[in-house]
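The following exercises concern the pockets, the cavity and the strand crossovers of a single protein chain. Each task is followed by a worked solution.

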Amino acid sequence: MKAVREDRRKNKRWKRRMYGFLSCMGVILLYIVGMSGWIHYVGDNSRGTESDTIIILGAAVWNGKPSNAMKERLDIAVEAYRSGLAKNIIATGGTTTSEPTEASVMRSYLVGKGIPESAVFLEDESTSTIENLDNSRKIMEREKWETAIIVTHGFHTYRSLLMARSLNMNVTAEPVRIKPVAIYYYTLRECAGITYFMGERLLKTIGIG
């Protein structure tokens, strides 16, 4: 009888652990599905409003030239500038390789599209989105600009807005609405990035981070 009772206790412990594991997986799945939906909603429905400047978030450089992703962002910025949404552009992005900085490649492309060089401001020291935005904020403070339009890809829009507003920036977004082939990968990456960013902010708020 003692052995039977012990087996029953083991079975109950195993079932509790299994239920706990399945519950955790269910919560994670619901979060991913819900957050993915919100990421795409924000990317599809964001619109830039008339502002002091446009901030183009960094993207890859290929052999000294803009990557396809960078071109897509640059073309949106050119369109926004020509439509009168802003009179200035901040090109962002540094480099960790032998390639020229993302910001300098952006400037060359923008000038080639007819944007006056005097309207393009370089933020060429950052290596991440939060640095893109924080350094752009400093340029805005220096130039006494109060509002900005963020140009990035749709899947990246929600996290970019979260970060900008955490820096007390008054921003809207004009996203690239072309979805990359690997959209599911990028969406999952954004879910992870948003979770990390919000967790980091929470820890800082309570004085741990």
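**Exercise 1.** Determine which element gives the largest share of the lining of the second largest pocket, and which classes of residue make up that lining.

*Solution.* The model under study is a predicted one.
Step 1. The second largest pocket holds about 160 Å³ of space. Its lining is made up of Ile 130, Arg 159, Met 163, Ser 166, Leu 167, Gly 193, Tyr 196, Phe 197, Glu 200, Arg 201 and Lys 204.
Step 2. Two elements, H5 and H6, each give two or more residues to this lining. The largest share comes from H6, with 6 residues.
Step 3. By class, the lining comprises 5 nonpolar, 2 polar and 4 charged residues.

**Exercise 2.** Describe the largest pocket: how much space lies in it, which residues are closest to its centre, and which element gives the most to its lining?

*Solution.*
Step 1. The space in the largest pocket amounts to about 790 Å³. It is lined by 34 residues, and those closest to the centre are Gly 58, Ala 59, Ala 60, Arg 73 and Arg 189.
Step 2. At least two lining residues are supplied by each of S2 (61–62), H2 (68–82), H4 (129–143), H5 (154–166) and H6 (183–205). H2 gives the most, with 4 residues.
Step 3. The lining divides into 15 polar, 11 nonpolar and 8 charged residues.

**Exercise 3.** Establish how many cavities of 30 Å³ or more the model contains, and characterise the lining of the largest cavity.

*Solution.*
Step 1. The count is 1 cavity of 30 Å³ or more. About 100 Å³ of space lies in the largest cavity.
Step 2. The lining of the largest cavity consists of 13 residues, with His 40, Asp 44, Gly 154, Phe 155 and Lys 179 nearest the centre.
Step 3. H1 (2–45) and H5 each supply at least two of the lining residues, and H1 gives the most, with 4 residues.
Step 4. In terms of class, 6 of the lining residues are nonpolar, 4 are polar and 3 are charged.

**Exercise 4.** Analyse the pairing of S4 with S5, then state which residues of the connecting helix H3 are buried and which elements are included in what covers them.

*Solution.*
Step 1. S4 (89–92) and S5 (120–123) run parallel and are joined by 4 bridges. Within this pairing, Thr 92 has Glu 123 in S5 as its bridge partner.
Step 2. Between these strands the chain passes through H3, forming a right-handed β-α-β crossover.
Step 3. H3 spans residues 102–112, and its buried residues are Ala 103, Ser 104, Val 105, Met 106, Tyr 109 and Leu 110.
Step 4. The cover over these buried residues includes S1 (53–56), S2, S3 (65–66), H2, S4 and S5. Thus both strands of the crossover are included in the cover of H3.
Step 5. After H3 comes Gly 114, which has a positive phi, near 95°.

**Exercise 5.** Which way do S6 and S7 run, parallel or antiparallel, and what is the handedness of the crossover between them?

*Solution.*
Step 1. S6 (residues 147–151) and S7 (residues 170–173) are parallel, with 4 bridges joining them. Thr 147 stands opposite Asn 170 in S7.
Step 2. The chain leaves S6, passes through H5 and reaches S7 in a right-handed β-α-β crossover.
Step 3. The connecting helix H5 also supplies at least two lining residues to the largest pocket and at least two to the largest cavity. H5 likewise gives two or more residues to the lining of the second largest pocket.

Note on methods
Residues numbered from 1 in each chain as written. Predicted model: local features only at pLDDT ≥ 70, side-chain atom pairs only at ≥ 80, totals over all residues. Heavy atoms only, no water. Buried < 20%, exposed > 50% of the residue type's maximum accessible area, 1.4 Å probe, protein only. Contact = heavy atoms within 4.5 Å. 1 Å grid on protein atoms, 1.4 Å probe; cavity = no way out; pocket = protein on both sides within 12 Å on 5 of 7 lines; lining within 4 Å. Points joined across faces, edges and corners; volume = space filled by probe spheres on them. Nonpolar A, V, L, I, M, F, W, Y, C, P; charged D, E, K, R; others polar. Pairing = 2+ DSSP bridges. Right-handed = clockwise from strand over helix to strand, strands pointing away.
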